[in-house]
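I sat down with this entry to work through its helices, strands, ring pairs and cores, and I kept notes as I went.

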Amino acid sequence: MNQVETSRKATEGARAFLSGLRDPSLLRDEILADIFRASAAREGDKVLFRSGSRVVTYREADAATDRAAEKLAALGAGPGKVFGLWMPRGIDLLLAQIAIAKSGAAFLPFDADAPVDRIATCLHDAAGLGLITDEAGLTKARDLDLPLHAAEALLAVNEMETATPVAASPDDPAYLIYTSGSTGVPKGIVISQRNICHFLRSGNAVYGIGADDIVFQSASVAFDLSMEEIWVPYLAGATLYVATPEIIADIERLPVLLQKEKVTVIDTVPTLLAVIPMDVPSIRLILLGGEALPPAVVDRWSIPGRRIFNTYGPTEATVVATLEEVHPGRPVTIGRPIPNYTCYVVDEAMNLCGPGQEGELLI
């Protein structure tokens, strides 16, 4: 143990704060579009998305989202602008998300079951330029006082007007997530390009998702856990097996399908993992978050060679702030900060608490 590490350990023992590994290489001036384009150039004709009989390569996704980004630029997209995204789970939803990122704008995602009035409230609060949706959404949202745009038309080869997108800067917004807020009124949280790109690298410095992995994509894009589930694989050059609403609904058949598709990584909430009726031997990595992890779930899913992480982090801190690799027969905690993060426990006067004292967690 070197002198710096010894000093840090001594300080952490005296006061209730924990620091993640310091790794300056993870802190870069980059944006989401940069990350996707770099992987697309590297991976080329490798499969990016698979869902049912549909397959889309990195090259095909790059071309389609470039087209859509140019059309969005003609509609006013650019740094500091916001577009809503409201579609069922599927490949086109993920392509539309990439296209917004490439346009320089920020995306404001909504769950497929979100009521139209909530969508209107959030988009007006965010000064959204419009809503990107599917054909069904165009009908359901027809009374919104906002422009509606069909994702299918944006992604297609057609004669829609185009313009050259203006790239976002690392400090521009990448996306917005609206939570219920303490008063019940939706509260918008803005995450910068710099912060989300750092998280993708910082998280994967621990997870180790690689180009050979097949990741099950099942989270709603309105849940910030989905940024980990979707964009870390983009960073790594992995393949996403994209769940449709029908796949998620058929929980009895799900493990057979995951094994058939050779899924190696699943990133979900403990509640969903707990109801999957049988093990999936192909899975080597399980990432869990969003709610408390019961030890019984850890016991059931632990097998030799498989890693399971319990993660924690409020939306404001960019997806995940702390994590722990969990093992059967051991207590489950939220672990330690990820690289370049620091956590403090303080009292009401913002003084650091001592070991064993209760306080507020600051990240």
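What follows are my notebook entries, in the order in which I looked things up.

**Entry on the source.** I noted at the outset that this is a predicted model, and I read everything below with that in mind.

**Entry on helix H4.** I began with helix H4, residues 91–103, and checked its length: at 1.5 Å a residue its 13 residues should span 18 Å, and since its end C-alpha atoms are 18 Å apart, the value agrees. I then asked how much of H4 is covered, and found that twelve of its 13 residues are buried. Among the buried ones I listed Ile91, Leu93, Leu94, Leu95 and Ile98, and also polar or charged residues, including Gln97, Lys102 and Ser103. Just after the helix I came to Gly104, which takes a positive phi of about 95 degrees.

**Entry on strand S5 and the crossover.** Next I turned to S5, where five of five residues are buried. I recorded that Ala106, Leu108 and Phe110 point one way from S5, whereas Phe107 and Pro109 point the other way; this fits the general rule that side chains in a regular strand alternate between the two faces of the sheet. For its pairing I looked at strand S4, residues 82–86, which runs parallel to S5 over five bridges, with Gly84 standing opposite Leu108. Following the chain from S4 through H4 to S5, I found a β-α-β crossover that is right-handed.

**Entry on ring pairs.** How many aromatic pairs does a search of the whole structure find? I counted eight of them. In one, the rings of Phe107 and Tyr175 have centres 5.8 Å apart and planes at 15 degrees, and because that angle is under 30 degrees the pair is stacked. This pair links distant parts of the chain, with Phe107 in strand S5 (residues 106–110) and Tyr175 in strand S8 (residues 173–179), 68 residues apart, and both residues are buried. The rings of Phe216 and Tyr241 have centres 6.4 Å apart and planes at 20 degrees, so I entered this pair as stacked too. Here Phe216 belongs to strand S10 (residues 214–217) and Tyr241 to strand S11 (residues 239–242), 25 residues apart. Phe216 is buried, with a relative accessible area of 0%, and Tyr241, at 2% relative accessibility, also counts as buried. I further noted a cluster in which ring pairs link Phe36, Phe49, Tyr58, Trp231 and Tyr234.

**Entry on the cores.** I then asked which residues have the most contacts inside the largest nonpolar core. That core has 65 residues, and the ones with the most contacts inside it are Leu32, Phe49, Ile196, Ile209, Trp231 and Tyr234; its largest share, nine residues, comes from H4. Looking more closely at Tyr234, and leaving out residues up to four places away in sequence, I found that it touches Phe36, Ser39, Leu48, Phe49, Tyr58, Leu94, Ile98 and Leu240. Apart from this core lies another, of 24 residues, among them Ile247, Leu272, Val297 and Ile308.

**Entry on helix H8.** I gave helix H8, residues 193–207, the length check I had used before: its 15 residues reach 21 Å from first C-alpha to last, close to the 21 Å expected. Eleven of the 15 are buried, so H8 is largely enclosed by the rest of the structure; the buried set includes Ile196, His198, Phe199, Arg201 and Tyr207. Just after H8, Gly208 takes a positive phi of about 75 degrees.

**Entry on the nine-stranded sheet.** I traced an open sheet of nine strands in the order S3-S2-S11-S10-S12-S13-S14-S15-S16, with mixed pairing. S3 (54–57) and S16 (336–337) stand at its edges with a single partner strand each, so one side of each is left without a neighbour in the sheet. Within the sheet, S2 (residues 47–51) and S11 pair in the parallel sense over two bridges, and Arg50 stands opposite Tyr241.

**Entry on Lys46.** Last I looked up Lys46, in the loop between helix H2 (32–43) and S2. Is Lys46 buried or partly exposed? I entered it as partly exposed, because its relative accessible area is 22%. Leaving aside neighbours within four places in sequence, Lys46 is in contact with Thr57, Tyr58, Ala211, Asp212, Gly237, Ala238 and Thr239. From Lys46 to Glu360 I noted 314 residues in sequence and 46 Å in space, C-alpha to C-alpha.

Key
Residues numbered from 1 in each chain as written. Predicted model: local features only at pLDDT ≥ 70, side-chain atom pairs only at ≥ 80, totals over all residues. Heavy atoms only, no water. Helix = DSSP H or I, 4+ residues; strand = E, 2+ residues; numbered from the N terminus. Expected span 1.5 Å × (residues − 1). Buried < 20%, exposed > 50% of the residue type's maximum accessible area, 1.4 Å probe, protein only. Phe/Tyr/Trp six-rings, centres within 6.5 Å; stacked < 30°, edge-to-face > 60°. Pairing = 2+ DSSP bridges. Right-handed = clockwise from strand over helix to strand, strands pointing away. Core = buried A, V, L, I, M, F, W, Y, C linked by side-chain atoms within 4.5 Å. Contact = heavy atoms within 4.5 Å.
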